[in-house]
Amino acid sequence: MESLLSILIWLPVLGGGLVLAIGNNRSESAKWAAVAISVVVFALSLMLWTGFDTSTSAMQFVENIPWIAQFNINYHLGIDGISMPLIILTTFSTILVIVAGWEVIQNRPADYMAAFLMMEGVIIGVFSSMDAILFYVFWEASLIPMLLIVGIWGGQNRVYAAVKFFLYTFLGSVFLLVSLIYMYTIQGDGASFSLAALNDLPLTLIEQSWIFWAFFLAFAVKVPMFPVHTWLPDAHVQAPTGGSVILAAIMLKMGGYGFFRFSLPITPDASSEFATVVIALSLIAIVYIGFVALVQKDMKKLIAYSSISHMGFVTLGVFALFSIVEMGTDGNIIGSLEGVYLGLEGAMIQMISHGFISAAMFLVVGVLYDRLHSRDISTYGGVINSMPKFTGFAVLFAMANAGLPGTSGFVGEFMVILSALQANFWYAFLAATTLIIGAAYTLWMVKRVFWGPVTNSAVSTLSDINNREFFILATLAVAVLVMGIYPQPVIEVMHASVVNLLEQALTTKLPVTL
Amino acid sequence: MIDYQFNIADLCFALPEIFMLAAIVVILLLDLYTAKRFQNLTYYLTQITLFVTGYLAFTLIGESQVIFDGTFVLDAMGSTFKVFTMGFAMVALVYTRHYLKVHNLFRGEYFVLALLSVLGMMVMISAHSLLTIYLGLEIMSLSLYTLIAIARDRATAVEAALKYFVLGAIASGLLLYGMSMIYGITGALDIAQVAAFATSATLASEQVLILNFGLVFLVIGIAFKLGAVPFHMWVPDVYQGAPTSVTMFLSTVPKIAAAAMLVRLMIDGLGAMQAYWSDLFMVLAILSIALGSLVALMQSNIKRLLAYSTISHIGFILLGFATGVIEGYGAAAFYVLVYILMSLAAFGSIIALNKQGFEAEQVADFRGLSKHSPWFALIMLVVMLSMAGVPPFIGFFSKLFILQQVVSAGYVYLAIIAVVFAVISAYYYLQIIKTMYFDDAEGEIAVTAPIDMKVVLSINGILILVIGLMPSYWMELAISLF
């Protein structure tokens with residue numbers, strides 16, 4: 001398929017338009033249309049996997065047509081081993097949120113489904129853009145559906161959360177835009193916004209530093225990293241369940257992806273220069289935010305903070321590489337390649353695994369919220385008595401969140417910790433504390449919500465999950481376990497691209513001075 | 001200039017203007033003698049006049065002439081600008097009719113005055129002498145003053161008209177003073193001769209000083225007309241006080257002519273002094289962007305809010321001109337057209353909410369619109385996001401092109417300041433989106449506009465998205481004008 005990526009982007013966007021056109025008055029048809037489109041898109045996205053050549057780091061499924069000729073901006077799509085798994089994660093999660101919103105969303109259901117479909121297309125666009133301006137267009141456009149999802153279907157304080165989310169991320173990304181324009185203008189003749197051109201552009205350390213921090217602001221807000229994470233708890237708590245799922249499972253990954261795709265290859269020297277700062281912020285996120293999660297009374301807030309803490313592993317895994325290896329003068333890499341691959345691939349695995357686990361955790365809270373309309377831990381207690389099947393799933397996901405071996409949560413974190421150990425003992429030590437803190441906040445929440453005596457009559461009348469909820473949670477449970485037991489296929493897919501990325505990250509771009 | 005020979009064939013280059021003037025006279029007379037129930041006749045004739053004039057201007061694209069003893073120029077920019085002026089004026093009048101109908105302001109004079117002001121704009125666009133520029137400006141401005149006062153029983157409208165008149169007169173005075181300086185030192189009114197004088201290498205330092213002196217007054221005059229800070233004081237009051245249809249007209253169509261005036265005076269005439277006026281424009285631009293973004297945050301009247309939003313858009317336009325390169329002028333011209341497209345849709349949406357006895361003026365009037373009129377709420381959403389500069393809408397690309405030129409001219413810090421204020425301004429655009437989508441409606445609000453207005457408004461909104469997805473052609477067109 002020549003234009004598979006275009007189909008994957010535009011089918012959901014136009015499909016969302018169709019669902020909007022069907023309208024809220026015919027919500028049953030709209031829902032079925034939405035679910036049909038999302039399933040078709042997921043099936044098509046699997047063709048990316050089956051048709052993928054794991055032996056090369058070159059871009060695949062490439063489409064390249066001129067878009068804005070005056071500035072050499074092209075509609076340039078392509079994927080490699082880093083973006084492909086994230087695209088499949090996106091199409092997978094979209095089915096789940098659409099099914100999850102089935103009966104729950106009574107207010108304007110068609111609009112709700114349409115927003116998620118459009119969001120899906122736009123995010124696939126983010127992950128497959130090979131042109132910086134195209135990337136930026138998709139990157140910013142993804143804010144619009146999320147703004148509406150939080151603002152229309154969110155909780156009490158939704159307006160504040162939606163506006164804060166939008167402005168925070170908007171402010172982060174405009175500096176990205178300015179630095180892209182800057183790199184375009186210094187290229188001279190034949191300048192272009194293609195990522196390949198930006199990757200090859202020599203930059204002095206001063207320029208790289210400015211650009212690095214501009215990138216950092218854009219991506220760190222999205223990840224989110226300490227100290228620019230404060231929008232996330234608000235957005236998560238106020239968003240409807242589906243919004244939280246997409247936010248945690250996919251939108252946060254856009255930040256991590258940005259570090260892979262922009263920061264490392266375009267500003268390698270500055271990345272190396274400031275790696276320690278990023279690592280420090282990552283470790284603060286892992287440890288400090290973990291403690292913050294411990295004291296939360298609101299389940300969604302707890303999971304939101306746990307997300308920030310887990311995403312710290314992604315940035316840690318990426319930036320630890322500069323402490324492990326360096327480029328020798330003869331062009332050979334000095335240091336433990338194994339350690340670096342563990343870090344980068346661990347970061348990727350962590351992103352995908354966190355996509356499953358956080359989605360599952362938010363859906364678990366969603367199931368409870370739909371029944372009792374409360375997110376407070378103190379409302380619950382002894383849920384297992386009335387919802388045994390549900391509790392089984394919830395405990396599994398909680399274990400995965402705590403990083404139990406055999407679940408996907410363990411694989412990524414363990415790989416990153418091993419990698420960090422090669423960089424610096426204390427990095428690994430601090431990162432490893434998450435296995436305790438994470439277990440503490442997750443299991444304590446499980447204890448208070450699911451175990452113990454039934455606290456009130458409302459809890460005792462809870463009905464267990466229905467088939468629809470069972471289907472969603474079971475799918476995620478399978479994904480978490482498969483990734484936990486046999487992550488090798490995913491690692492193989494990304495390996496060639498990771499090797500290439502490492503090469504780029506270690507090759508200096510400083511102009512040669514004679 | 002005694003040796004000037006009038007050539008009758010030259011008249012056909014001014015055919016659009018001549019046709020329009022003739023049509024205005026005919027419409028004025030016809031309107032006088034038509035019964036009240038045929039009132040729509042004036043409206044339709046006006047639209048036809050605009051269409052035919054636009055078509056005539058369109059056929060002249062490609063001609064390049066300076067005629068009438070150097071007072072009138074026909075070039076690619078002039079003809080293209082005229083076509084766009086006609087098109088935008090037609091759209092504006094479609095929206096206007098609904099407003100006039102529901103507020104009992106529907107009178108033939110309204111359309112005649114609008115046509116007269118458009119005629120003034122055409123003269124400004126094609127002016128090639130300081131005198132013709134002033135002539136066009138005054139035809140335009142006097143018609144606009146009267147248009148505002150057409151709602152003569154509304155105190156706010158009369159106040160706005162008076163304010164606009166007084167401040168407009170001051171601006172004209174400053175402009176004339178600058179022109180007299182230029183004339184005094186160069187001895188010429190013809191823009192080409194002014195340019196020749198300014199580029200000649202043998203200028204004494206006093207001559208440069210006087211040229212500069214004149215230049216500053218010209219810049220002030222232009223800034224007044226465009227509404228750039230610190231010469232913006234009239235903008236919010238006039239926008240708020242004038243009937244919404246006039247505000248819409250005022251904030252959109254004349255901006256093309258104002259941009260043309262800037263091009264004729266600064267780029268064509270005093271291009272040699274670019275280093276001087278670029279700095280002035282840069283200061284005006286940054287002040288406008290900053291003040292427009294900050295003060296709009298506190299507005300609850302949507303017309304006033306859009307006034308400040310206009311000021312910040314003007315800042316971006318001036319930033320494009322300040323770069324002093326052709327691509328920058330192209331980006332600025334592109335921004336002008338995009339701004340007008342967005343502004344028309346924004347005011348169109350406000351007017352669409354107007355009903356018999358109900359004047360939509362507050363942001364709160366949009367409350368819950370997405371429930372009752374989801375399609376028009378969506379259009380307003382697109383317009384607001386586009387104005388905020390969020391892709392994939394056209395407003396993003398117009399900002400992108402400006403920023404690209406600013407960075408390329410070496411002013412990275414200006415680009416950073418501009419984008420920071422763009423983020424701040426996003427807040428108030430979000431407030432409108434919030435009002436439409438996140439708030440519940442108090443009463444029944446629904447769009448009850450007639451079908452022609454609904455269709456045009458829909459196309460207007462869709463264009464903001466579609467041109468955003470493929471801006472290449474329009475950008476190329478804008479650059480080719482210079």
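The chat below walks through a predicted model with chains A and B.

Q: Before I look closely, how are residues, chains and ligands numbered or lettered here?
A: Residues are numbered from 1 along each chain as its sequence is written, while chains are lettered from A and ligands numbered from 1 in the order in which they are written. Because this is a predicted model, local features need pLDDT of at least 70 and side-chain atom pairs count only at pLDDT 80 or more, whereas totals for chains, interfaces and linings use all residues.

Q: OK, what does the model score, and what does chain B average?
A: The model scores ipTM 0.91 and pTM 0.92. Chain B averages a pLDDT of 90, with 99% of its residues at 70 or above; pLDDT is the predictor's confidence in each residue, from 0 to 100.

Q: How many helices and strands does chain A have?
A: Chain A has 22 helices and 4 strands, where helices (H or I, at least four residues) and strands (E, at least two) are DSSP runs numbered from the N terminus. The radius of gyration of chain A is 22 Å, close to the 24 Å from the globule rule for 514 residues, so chain A is as compact as a globular protein of that length. That radius is taken over C-alpha atoms, and the globule rule is 2.2 Å times the number of residues to the power 0.38.

Q: And what share of chain A is buried?
A: Of its 514 residues, 61% count as buried. A residue is buried if 20 or more other C-beta atoms, placed from the backbone, lie within 10 Å of its own, exposed if 12 or fewer, and partly exposed in between.

Q: Switching to the contact between the chains, how many residues does each supply?
A: Chain A gives 27 residues and chain B gives 25 residues, two residues being in contact if their C-beta atoms, placed from the backbone, lie within 7 Å.

Q: Which element of chain A gives the largest share of that side?
A: The largest share comes from α7(A), with 14 residues. The side of chain A that touches chain B divides into 22 nonpolar, 3 polar and 2 charged residues, counting Ala, Val, Leu, Ile, Met, Phe, Trp, Tyr, Cys and Pro as nonpolar, Asp, Glu, Lys and Arg as charged, and the others, Gly among them, as polar.

Q: Is helix α10 of chain A enclosed or exposed?
A: In α10(A), residues 231–238, 8 of the 8 residues are buried, so this helix is largely enclosed by the rest of the structure. Its buried residues, A:W231 and A:H236 among them, pack against α6, α7, α11 and α13 of chain A.

Q: Where is the cis peptide bond in chain B that involves B:P392?
A: That bond joins B:P391 and B:P392, with omega about 5°, and B:P392 lies in the loop between α16 and α17 of chain B. In chain A, the peptide bond from A:F226 to A:P227 is cis, with omega near 0°, and A:P227 is in the loop between α9 and α10.

Q: What about A:H373, is that buried or exposed?
A: A:H373 is exposed, with 10 other C-beta atoms within 10 Å, and is found in the loop between α15 and α16 of chain A. Although A:H373 is not a glycine, its phi is positive, at about 55°.

Q: And where does B:D69 sit?
A: B:D69 is in the loop between β1 and β2 of chain B. With 15 C-beta neighbours inside 10 Å, B:D69 counts as partly exposed, and its phi is positive, about 60°, although B:D69 is not a glycine.
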